[in-house]
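Reader: I am a first-year student, and I would like to talk about pockets. Please show me the model.

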Amino acid sequence: MDDPGSEIEYEIPAVVRVHKSGRVVRLNGTDTVPPSPCGDPANGVSSKDVVLDPAANISARLYLPAAAAAEPGKKLPVVVFFHGGAFMIHTTASPLYHKYAASLAAAAPAVVISVDYRLAPEHPVPAAYEDAFAALKAVVSSCRPGGAEPWLAAHGDASRVVLAGDSAGANMAHRTAVRLRKERIEGYGDKVSGIALLHTYFWGKEPVGGEPTDAALRGGIDQVWHVACGGKLGLDHPYINPAASPEELSQLGCVRVLVATAENCWFVERSRAYAARVKACGWGGELEFYETNADGHVYFLLKPDCENAAKELAVVADFVRRC
């Protein structure tokens, strides 16, 4: 007799398959690569896996550029990076994200902290947001003299922290900046230097701009959010649709914003609208918008060695340097 627990409850192609027994099978993002504690021969960046917050069980992969060794006393900007994957797949050890984080650390140069967070559907949103904020608190604490993480204590400049991420991770960077303004970190404040939102996963019930209106296509994207939040938050909740809470945009907890997208990204219209709203809302900081022609969603991860990816990395690195 067939095991009834093996029956499939639902599947999001190339993301997850959930069985009626509750077993979750991730269909992507499960490959891993080890860190390079002695330095990556390709870029000189050293990396290691650490536990940032034992109480909250927040782990991360840290990246230290060769520039830190060249000038031992020099403080560098700090990038707290949240990986994408629809809130459901990938880790900091995924080859795509390991390569990108190391490349950004070398290009800026900066100390990059790529954060692992709890994944849906086992841990639906807002679990990822809770982990992101806990990670930020642990990072700024470690940047102080005698901080718990030696690389951050020696080289991290707490006055130059950038929250960054791609897709769902960019959504998390935005939400963390919103929360920081509402819930300041003691001894640190209510603003980071910048947020870099790369191909941000924002969505909503009604099409925006030139978004597709096809019900089947939109339904597939709708389902991703339904699963990510455990079916508890609608498509126009501020977590997924910032336009639903315009007052939060005017109170972003950062000084600068970079919005990067691509012409054929699924969420390009949302990124354009987000940038326009931030400019118009009275926030008062510095906003930069960058759009790559022709390429699609997170192409810079999938084709990291292409010319457009190199150009976009340079834009992000320059933004980090200016923060």
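Author: Helices (H or I, at least four residues) and strands (E, at least two) are DSSP runs, numbered from the N terminus. This is a predicted model: local features need pLDDT of at least 70, side-chain atom pairs count only at pLDDT 80 or more, and totals for chains, interfaces and linings use all residues. Residues are numbered from 1 along each chain as its sequence is written, and side-chain values use heavy atoms, without hydrogens and water.

Reader: What makes a residue part of the lining of the largest pocket?

Author: On a 1 Å grid over the protein atoms alone, a pocket is an open set of points where a 1.4 Å probe fits, with protein on both sides within 12 Å along at least five of seven lines; lining residues have an atom within 4 Å of a point. The largest pocket has 25 such residues, and Val15, Ala86, Ile89, Trp266 and His297 are the closest to its centre.

Reader: Which element gives the largest share of that lining?

Author: α6, with four residues. The elements giving two or more are α2 (95-107), α6 (215-228) and α9 (299-302).

Reader: How many residues of the lining of the largest pocket are called nonpolar?

Author: Ala, Val, Leu, Ile, Met, Phe, Trp, Tyr, Cys and Pro count as nonpolar, Asp, Glu, Lys and Arg as charged, and the others, Gly among them, as polar. By that rule, 16 are nonpolar, eight polar and one charged.

Reader: Which element leads in the second largest pocket?

Author: α2 leads there, with seven residues. The lining has 18 residues, and Lys99 is one of those nearest the centre.
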